[in-house]
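I opened my notebook to record a few look-ups in one structure. The entries follow in the order I made them.

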Amino acid sequence: MTPKNEGATFDPKEFLSRIGDGRTNIKFAADDVVFAQGDAADAVYYLQNGKAKITVTSENGREAVLAIIGPGDFFGEGCMNGQARRMATVTAITECSIMRLEKAAMMRVLHAEPKFSDLFIGHLLHRNSRVEADLVDQLFNSSEKRLARMLLLLANFGKDAKQEPVIAKISQETLAEMIGTTRSRVNFFMNKFRRLGFVDYNGDMHGNLRVHTSLLNMVLREGISDEPPETPPKK
């Protein structure tokens with residue numbers, strides 16, 4: 001059944017908020033797995049509320065965090081490009097409300113509704129730009145700057161969406177995996193950021209973390225890092 005084409009009255013956000021043909025709304029608690037690496041790729045997901053993380057696991061069991069996603073993000077779109085199995089795992093960080101769109105339903109609305117197509121293409125372009133920016137960040141910035149940038153991104157600074165100066169529970173281990181360093185270095189820099197008044201947090205990152213706009217100084221200024229020496233990774 002083709003989605004009803006309502007022309008100028010079609011609202012993509014409303015469409016993504018209501019269940020219907022091929023659309024199911026699912027609630028996830030913190031730490032629930034939305035889908036796992038290796039699962040069948042048969043649907044696209046849209047995150048309505050909450051935050052989740054995308055991770056990959058190597059054959060020897062090492063896990064890397066690829067991204068933290070929030071409200072308004074699509075994920076699992078690889079199925080639209082012929083991906084038969086999931087290449088990553090998505091896990092809820094907080095309570096999440098997620099719309100699941102079966103592949104066939106997604107194809108129908110993309111063909112029928114230009115406004116929805118524009119929204120989805122905009123998401124893909126933003127995701128591509130983010131991947132490029134992450135690569136540049138990883139190649140050229142210190143781990144201190146990478147951590148500062150990641151905290152700002154998590155708080156939605158610089159995005160059209162409403163800023164979220166208070167970030168829900170996220171562990172130092174997760175932040176370390178995201179920026180490619182060790183937990184001890186993340187702990188060192190978080191204590192430094194708190195000392196400088198860039199952030200407020202309780203010391204173990206398992207409570208809420210408040211990010212101040214002054215943290216932008218960490219990203220914009222040069223030569224203020226006093227990083228501890230790198231610790232060789234454990235074999």
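Entry 1, T91. I asked whether T91 is buried or exposed. Its relative accessibility is 11%, and buried means under 20%, so T91 counts as buried. I note that the model is predicted. I located T91 in strand β7. Leaving out residues up to four places away in sequence, I found that T91 touches D31, D32, V33, A52 and K53.

Entry 2, T89. I then went to T89, which is also in strand β7, a strand covering residues 89-92. T89 has 14% relative accessibility and therefore counts as buried. I listed what T89 touches, again without residues up to four places away in sequence: V33, F35, A36, Q37, K53, I54 and T55. For Q37 I looked up a distance as well. A polar atom of the T89 side chain lies 2.8 Å from the backbone nitrogen of Q37.

Entry 3, C79. I looked next at the loop between β6 and β7, where C79 is found. C79 has a relative accessible area of 0%, so it is buried. Which residues is C79 in contact with, neighbours within four places in sequence aside? I wrote down A41, D42, A43, V44, R86 and K103. I checked A41 further: it is 38 residues from C79 along the chain, yet the two C-alpha atoms are separated by 5.2 Å.

Entry 4, helix α3. I turned to α3, which runs over residues 114-140 and has 27 residues. From its first C-alpha to its last, α3 reaches 39 Å, close to the 39 Å expected at 1.5 Å a residue. I noted its buried residues as F116, S117, F120, H123 and D137. These buried residues pack against α1 (12-15), β6 (74-75), α2 (103-112) and α4 (143-154).

Entry 5, α2 with α3. I reminded myself that two packed helices are described by the angle between their axes and the distance between the axes. How do the axes of α2 and α3 cross, and within what distance do they come? I read an angle of roughly 110 degrees, with the axes coming within 5 Å. Angles of 65 to 115 degrees count as roughly perpendicular, so α2 and α3 are roughly perpendicular to each other. On the α2 side, the contact is made by M106, V109, L110 and A112. On the α3 side, P114, F116, S117 and F120 take part. I sorted the residues of this contact by type and got seven nonpolar, one polar and no charged.

How values were computed. Residues numbered from 1 in each chain as written. Predicted model: local features only at pLDDT ≥ 70, side-chain atom pairs only at ≥ 80, totals over all residues. Heavy atoms only, no water. Expected span 1.5 Å × (residues − 1). Buried < 20%, exposed > 50% of the residue type's maximum accessible area, 1.4 Å probe, protein only. Contact = heavy atoms within 4.5 Å. Polar contact = N/O pair within 3.5 Å; in protein donor to acceptor, adjacent residues only side chain to side chain. Axes fitted to C-alpha atoms, helices over the stretch in contact; angles between N-to-C directions. Parallel < 35°, antiparallel > 145°, perpendicular 65-115°, else oblique. Nonpolar A, V, L, I, M, F, W, Y, C, P; charged D, E, K, R; others polar.
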